[in-house]
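The following exercises practise reading a protein structure step by step. Please study the sequence and the structure before turning to each solution.

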Amino acid sequence: MIKIYGIKNCDTMQKAMKWLDAKKVAYVFHNYKESGIDKATLQLWLQHFPTNKLVNTQSATYRALTDADKAGISSKSKAIALMMKNTSIIKRPVWDFGDGNFFLGWDENELGKLV
């Protein structure tokens, strides 16, 4: 079963869930704004995505960070701590298709090949 990670009131997340519902694809949604995100999950994602892609540098949350925090995303351990503290800076959605298959973001054409 697909697991998607994100924030419930994010427009992109809502689009993704509506798309899955329309295709009648079963999925589990993990709202990391409410449930948080653990270090092990972030470490796994960083095996599949570069830090500068997993951290949404276009978000308002990121722009509000201190320069020191922004500079810290080049370090995986600092980026993980920052994402655990400020889950809103994680790019969304993160798609977990199981068996080590992941996708980051929203691209209906690419996702159509995976679902």
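The exercises below concern a predicted model, and each is followed by a worked solution.

**Exercise 1. Overall fold**

Determine how many helices and strands the protein has, and in what pattern they follow along the sequence.

Solution.
Step 1. Counting the elements gives eight helices and four strands.
Step 2. Reading along the sequence yields the pattern β-α-β-α-α-α-α-α-α-β-β-α.
Step 3. The radius of gyration is 14 Å, close to the 13 Å that the globule rule gives for 115 residues, so the protein is as compact as a globular protein of that length.
Step 4. The C-alpha trace spans about 45 × 25 × 25 Å along the principal axes.

**Exercise 2. Interior, surface and charge**

State what percentage of the residues is buried, and describe the contacts, the exposed area and the charges of the protein.

Solution.
Step 1. A residue is buried when its relative accessible area is under 20%. Of the 115 residues in the protein, 42% are buried.
Step 2. Consider the contacts with a separation of 6 or more: 62% of them are accounted for by residues 24 or more positions apart.
Step 3. The exposed area of the protein is about 6600 Å², and carbon and sulfur atoms supply 46% of it.
Step 4. There are 17 positive and 11 negative charges, and the mean positions of these two groups are 4 Å apart.

**Exercise 3. How the strands pair**

For the pairs E1 with E2, E1 with E3, and E3 with E4, decide whether the strands run parallel or antiparallel.

Solution.
Step 1. Strands E1 and E2 pair in the parallel sense, over five bridges. In this pairing, Gly6 has Asn31 of E2 as its bridge partner.
Step 2. Strand E1, residues 2-6, is joined to E3 by three bridges, and these strands run antiparallel. Here Ile4 has Trp95 of E3 as its bridge partner.
Step 3. E3 is joined to strand E4, residues 101-104, by four bridges, again in an antiparallel arrangement. Gly98 has Asn101 of E4 as its bridge partner.
Step 4. E3 and E4 form a hairpin with two residues between them.
Step 5. Four of the five residues of E1 are buried, so this strand is largely enclosed by the rest of the structure. Strand E3, residues 94-98, is mostly covered, with four of its five residues buried.

**Exercise 4. Val94 in its surroundings**

Establish whether Val94 is buried or exposed, and which residues it touches.

Solution.
Step 1. Val94 is located in strand E3.
Step 2. The relative accessibility of Val94 is 0%, and the limit for a buried residue is under 20%. Val94 therefore counts as buried.
Step 3. Although Val94 and Ile4 are 90 residues apart in sequence, their C-alpha atoms are 5.6 Å apart in space.
Step 4. Not counting residues up to four places away in sequence, Val94 touches Lys3, Ile4, Tyr5, Trp45, Phe49, Leu54, Phe103 and Leu104.

**Exercise 5. The loop between H7 and E3**

Examine Ser88 and Pro93: is Ser88 buried or exposed, and what form does the peptide bond from Arg92 to Pro93 take?

Solution.
Step 1. Ser88 lies in the loop between helix H7, residues 76-85, and E3. Pro93 is found in the loop between H7 and E3 as well.
Step 2. With a relative accessibility of 12%, Ser88 counts as buried.
Step 3. Leaving aside neighbours within four places in sequence, Ser88 is in contact with Ile7, Lys33, Ser59 and Thr61.
Step 4. The peptide bond from Arg92 to Pro93 is cis, its omega being near -10°.

**Exercise 6. Positive phi values**

Find where Lys24 and Asp99 lie, and what the phi of each residue is.

Solution.
Step 1. Lys24 lies in the loop between H1 and E2. Its phi is near 60°, a positive value in a residue other than glycine.
Step 2. A residue is exposed when its relative accessible area is over 50%. At 75% relative accessibility, Lys24 counts as exposed.
Step 3. Asp99 is placed in the loop between E3 and E4. Asp99 has a positive phi of about 55°, although it is not a glycine.
Step 4. The relative accessible area of Asp99 is 81%, so this residue is exposed.

Terms used: Residues are numbered from 1 along each chain as its sequence is written. This is a predicted model: local features need pLDDT of at least 70, side-chain atom pairs count only at pLDDT 80 or more; totals for chains, interfaces and linings use all residues. Side-chain values use heavy atoms; hydrogens and water are left out. The radius of gyration is taken over C-alpha atoms; the globule rule is 2.2 Å times the number of residues to the power 0.38. Buried means under 20% relative accessible area, exposed over 50%, partly exposed in between (1.4 Å probe, protein chains only). Contact means heavy atoms within 4.5 Å. Accessible areas come from the Shrake-Rupley method with a 1.4 Å probe; for residues, only the protein chains shown count as cover. Lys and Arg count as positive and Asp and Glu as negative; His and the chain ends are not counted. The place of a charge is taken as NZ of Lys, CZ of Arg, CG of Asp or CD of Glu. Two strands pair if DSSP finds at least two bridges between them.
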